[in-house]
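This report describes how the strands of one protein model are arranged. Keep the structure in view while reading.

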Amino acid sequence: MGRSTSTPADPEQGTAVVCPQCDERVAVSAPDTEVEPTVSPSVAAFGEHSVVHCSAGHKFWVNYC
Ligand SMILES: [Zn+2]
(Lines give C-alpha, C1' and ligand atoms only; values in the text may rest on other atoms or scores of the structure.)
Protein backbone atom coordinates (compact mmCIF):
# COMPACT_ATOMS: atom_id res chain seq x y z
CA MET A 1 0.00 0.00 0.00
CA GLY A 2 1.17 3.52 -0.65
CA ARG A 3 2.51 5.74 2.05
CA SER A 4 1.95 9.45 1.81
CA THR A 5 4.97 11.67 2.31
CA SER A 6 2.85 14.34 3.89
CA THR A 7 2.14 14.40 7.58
CA PRO A 8 -1.02 12.43 8.29
CA ALA A 9 -3.80 14.27 9.97
CA ASP A 10 -4.03 13.70 13.66
CA PRO A 11 -7.24 11.76 14.33
CA GLU A 12 -7.33 13.05 17.85
CA GLN A 13 -9.17 16.21 18.68
CA GLY A 14 -7.25 19.38 19.17
CA THR A 15 -4.14 20.69 17.54
CA ALA A 16 -0.61 19.40 17.58
CA VAL A 17 2.49 21.56 17.64
CA VAL A 18 6.12 20.56 17.22
CA CYS A 19 8.65 21.10 19.96
CA PRO A 20 11.26 23.62 18.73
CA GLN A 21 14.01 21.68 20.46
CA CYS A 22 13.38 18.06 19.54
CA ASP A 23 10.63 18.11 16.92
CA GLU A 24 8.37 16.09 19.16
CA ARG A 25 4.72 16.48 18.31
CA VAL A 26 2.74 17.65 21.29
CA ALA A 27 -1.01 17.89 21.37
CA VAL A 28 -2.37 21.20 22.59
CA SER A 29 -5.88 22.32 23.23
CA ALA A 30 -6.52 25.46 21.26
CA PRO A 31 -9.16 27.77 22.72
CA ASP A 32 -10.44 28.39 19.22
CA THR A 33 -10.11 26.00 16.32
CA GLU A 34 -9.91 28.88 13.90
CA VAL A 35 -6.72 30.31 15.32
CA GLU A 36 -3.31 29.01 14.34
CA PRO A 37 -1.11 28.02 17.27
CA THR A 38 2.36 29.50 17.04
CA VAL A 39 5.26 27.94 18.90
CA SER A 40 7.42 30.41 20.77
CA PRO A 41 10.50 29.92 22.96
CA SER A 42 9.25 32.66 25.24
CA VAL A 43 5.95 33.76 26.65
CA ALA A 44 3.82 36.09 24.63
CA ALA A 45 3.43 39.63 25.85
CA PHE A 46 -0.24 39.52 25.11
CA GLY A 47 -3.00 37.31 23.81
CA GLU A 48 -3.92 33.73 24.52
CA HIS A 49 -1.06 31.41 25.24
CA SER A 50 -0.31 28.25 27.10
CA VAL A 51 2.77 26.51 28.41
CA VAL A 52 3.55 23.19 26.78
CA HIS A 53 5.89 20.46 27.88
CA CYS A 54 6.97 17.84 25.39
CA SER A 55 7.67 14.23 26.34
CA ALA A 56 11.38 15.06 26.53
CA GLY A 57 10.74 17.68 29.18
CA HIS A 58 11.28 20.73 27.01
CA LYS A 59 9.21 23.73 27.92
CA PHE A 60 7.89 26.17 25.39
CA TRP A 61 4.93 28.39 24.77
CA VAL A 62 2.18 28.24 22.26
CA ASN A 63 0.61 31.52 21.30
CA TYR A 64 -2.80 31.81 19.72
CA CYS A 65 -3.12 34.84 17.54
ZN1 LIG B 1 11.20 18.67 23.13
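The model is predicted. In it, β4 pairs with strand β5, residues 59–64, in the antiparallel sense, and six bridges join the two. At one place along this pair, His 53 stands opposite Lys 59 in β5.

The pair belongs to an open sheet of three strands, in the order β3-β5-β4, with antiparallel pairing. β3 (37–40) and β4 (48–53) are the edge strands, since each pairs on one side only. From one strand to the next, the twist averages 30°.

Another pairing involves strand β1 (residues 15–18) and strand β2 (residues 25–28), which run in the antiparallel sense and share four bridges. Thr 15 has Val 28 in β2 as its bridge partner.

The two antiparallel pairs are listed below.

| Pair | Sense | Bridges |
|---|---|---|
| β4 and β5 | antiparallel | six bridges |
| β1 and β2 | antiparallel | four bridges |

The hairpin of β1 and β2 has six residues between the strands. Asp 23 lies in the loop between β1 and β2. Its phi is positive, about 65°, although Asp 23 is not a glycine.

Is Asp 23 buried or exposed? A residue counts as exposed if 12 or fewer other C-beta atoms lie within 10 Å of its own. Asp 23 has 9 C-beta neighbours inside 10 Å, and therefore it counts as exposed.

Definitions and conventions
Residues numbered from 1 in each chain as written. Predicted model: local features only at pLDDT ≥ 70, side-chain atom pairs only at ≥ 80, totals over all residues. Pairing = 2+ DSSP bridges. Axes fitted to C-alpha atoms, helices over the stretch in contact; angles between N-to-C directions. Buried ≥ 20, exposed ≤ 12 C-beta atoms within 10 Å, placed from the backbone.
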